[in-house]
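I opened the notebook to record what I looked up in this model, beginning with its pocket and then turning to one of its sheets.

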Amino acid sequence: MLQIQDLCKKYGKFQAVKDLTLHIPKGDLFGFVGPNGAGKTTTIRMVCGLMPPSSGSITVNGMDTLTRRKEIKKQIGYVPDFFGVYDNLKVKEYMDFYGSMYRMGSKEIERLSGDLLELVNLADKKEVFVDTLSRGMKQRLCVARALLHNPALLILDEPNSGLDPRARVEMKELLLNLKSMGKTIVISSHILSELSEMCNSIGIMDHGNLMASGRIEDVMESVFGSNQLVITMDEGRETAMRMASEQASVKIVSAGEHEIKLSHSMTAQEISKLIGAMIANDVVVTGFHKQEGSLETLFMRVTGNDEKGGNDNASESNR
């Protein structure tokens with residue numbers, strides 16, 4: 001659906017996006033994450049045709065965005081991170097206005113607007129002025145508007161920014177509903193816990209570079225290994241670390257004052273043997289458990305912010 005090849009964007013000597021290559025298959029809900037200045041929004045704007053790339057190519061649904069600009073606009077629905085204010089337009093008029101921009105007939109606009117406003121739970125707001133809606137309602141209306149011309153690709157840049165918890169849940173349910181309908185969706189967000197509940201694939205950017213991308217489970221395994229084990233202890237951490245590092249199938253992921261986290265390919269019997277050996281060597285083991293990788297810890301690791309003994313419980317990262 002979306003194919004990006006060797007994409008670059010330069011501003012003088014500064015390179016905002018560096019040789020980005022990415023493929024997003026049809027039907028994926030793709031999460032685009034990264035800290036401030038990572039290059040996410042710049043990439044999104046180039047994909048949408050809002051700014052030209054310095055080099056590289058972008059193909060949407062088989063169409064080159066540079067040579068077929070007019071056709072590309074019909075293939076993409078874009079929800080920016082800031083919703084413009086329309087002082088004198090009602091919801092119905094707002095949908096009519098955008099439908100006319102795509103040269104749609106009035107009857108077609110009316111039919112599709114009704115269906116889409118129902119989809120985003122705004123069917124009862126047709127006669128309400130847009131600027132009186134809550135931010136969450138405005139964001140859902142913007143999604144309905146972006147879907148009006150039935151695009152092949154829906155792109156949302158920080159759609160949950162500034163939303164209250166209820167509005168975030170409503171947006172998540174809407175996006176999951178669209179995914180179930182087969183829409184290809186790219187969503188940029190800094191709320192990593194929500195992305196992990198929605199997306200089946202991700203791309204992590206940092207300083208203009210795409211650090212990792214692919215199916216979430218595949219990226220997790222490539223970064224953390226297939227299994228993770230957390231061992232907690234009151235005493236003997238250094239001994240435990242030495243014994244773990246001596247195992248060929250074990251890698252120390254992180255170490256806190258009273259715990260160590262390992263990635264490994266040990267069997268259950270081998271785990272039991274290692275724990276028993278630690279106890280026999282005066283390590284006061286208080287517990288151990290398997291831990292699944294999270295998108296938060298993945299992000300911190302890939303962007304180089306996961307320091308030894310660092311906090312693995314961060315729930316959000318900056319955009």
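**Pocket lining.** I asked which helix gives the most to the lining of the largest pocket, and I found that helix 2 does, with four residues. As the model is a predicted one, I take this as a statement about predicted coordinates. I then noted the volume of the largest pocket, which comes to about 620 Å³. Of the 21 residues that line this pocket, I wrote down those closest to its centre, which are Lys73, Lys74, Ile76, Tyr102 and His149. The elements that give two or more residues to the lining are helix 2 (69–75), strand 6 (76–79), helix 3 (91–101) and helix 4 (106–119). When I sorted the lining by class, I counted 12 nonpolar, three polar and six charged residues.

**Sheet.** I next followed an open sheet of four strands, whose order is 12-13-11-14 and whose pairing is antiparallel. Its edge strands are strand 12 and strand 14 (284–290), each of which pairs on one side only. I also looked up the turn between neighbouring strands of this sheet, which is 25 degrees on average when direction is ignored.

**Strands 12 and 13.** How many bridges join strand 12 to strand 13? I found five between strand 12 (residues 250–255) and strand 13 (residues 259–264), and the two strands run antiparallel. A hairpin makes the connection from strand 12 to strand 13 through three residues. To fix the register for myself, I noted two positions: Lys251 stands opposite Ser263 in strand 13, and Ser254 stands opposite Lys261 in that strand.

**Helix 10.** I looked up where helix 10 (residues 268–280) lies, and found it across strand 11 (227–235), strand 13 and strand 14. Helix 10 runs at about 165 degrees to strand 14.

**Confidence.** Last, I checked how far the prediction can be read. The mean pLDDT of the protein is 87, and 93% of its residues reach 70 or more. Over residues 307–319, however, the pLDDT is below 50, although this stretch has 32 contacts in the model beyond near neighbours in sequence. Where pLDDT is low, the predicted coordinates should not be read in detail. I have therefore entered those contacts as a count alone, without describing them pair by pair.

Technical notes: Residues numbered from 1 in each chain as written. Predicted model: local features only at pLDDT ≥ 70, side-chain atom pairs only at ≥ 80, totals over all residues. Heavy atoms only, no water. Pairing = 2+ DSSP bridges. 1 Å grid on protein atoms, 1.4 Å probe; cavity = no way out; pocket = protein on both sides within 12 Å on 5 of 7 lines; lining within 4 Å. Points joined across faces, edges and corners; volume = space filled by probe spheres on them. Nonpolar A, V, L, I, M, F, W, Y, C, P; charged D, E, K, R; others polar. pLDDT = per-residue confidence, 0-100. Contact = heavy atoms within 4.5 Å. Axes fitted to C-alpha atoms, helices over the stretch in contact; angles between N-to-C directions.
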